[in-house]
Amino acid sequence: MVLKNKLSWIIGFSGGILADGLLRILTGEEGNLLVHSVIFGFFARLFFTGSKLFLRLFKKYFKNKNFQ
């Protein structure tokens, strides 16, 4: 459980950093700090929630499989 939580945090922060970096590259300027904070926070939360959901479904799916 702890590993999944740490992995979700890492994926969330990475997603936020990538989204904010992509915004800075596409616009070509630093821009407003509030805008970049909102973009980072939104995408970090989106990636965090998505990774938690993916890991939960992955565990549920493979828990019921019998690999022989």
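Here is a short tour of this predicted model, one selection at a time.

**Start with the whole chain.** Colour by secondary structure and you'll see 2 helices and 0 strands. The radius of gyration is 16 Å, well over the 11 Å that the globule rule gives for 68 residues, so the chain is more spread out than a compact globule. Turn the C-alpha trace along its principal axes and it spans about 55 × 20 × 15 Å.

**Now show the surface.** About 5800 Å² of the chain is exposed, with carbon and sulfur atoms supplying 71% of that. Buried residues make up just 16% of the 68 in the chain.

**Select residues 2-27.** That's helix 1, with 26 residues. How far apart should its ends be? At 1.5 Å a residue it should span 38 Å, and its end C-alpha atoms are 38 Å apart, so the two figures agree.

**Stay on helix 1 and show side chains.** Pick out Ser8, Gly12, Gly15, Gly16, Ala19 and Asp20: these are the buried residues of the helix. What do they pack against? Add residues 33-63 to your selection, and you have the partner, helix 2.

**Step off the end of helix 1.** Click on Gly28, which follows the helix and has a positive phi, near 75 degrees.

**Finish with the contacts.** Go back to the whole chain and look at contacts with a separation of 6 or more: residues 24 or more positions apart account for 68% of them. While you're there, keep the buried residues of helix 1 highlighted, with helix 2 packed against them.

Note on methods: Residues numbered from 1 in each chain as written. Predicted model: local features only at pLDDT ≥ 70, side-chain atom pairs only at ≥ 80, totals over all residues. Heavy atoms only, no water. Helix = DSSP H or I, 4+ residues; strand = E, 2+ residues; numbered from the N terminus. Rg over C-alpha atoms; globule rule 2.2 N^0.38 Å. Buried < 20%, exposed > 50% of the residue type's maximum accessible area, 1.4 Å probe, protein only. Contact = heavy atoms within 4.5 Å. Areas by Shrake-Rupley, 256 points an atom, 1.4 Å probe, with all protein chains shown as cover. Expected span 1.5 Å × (residues − 1).
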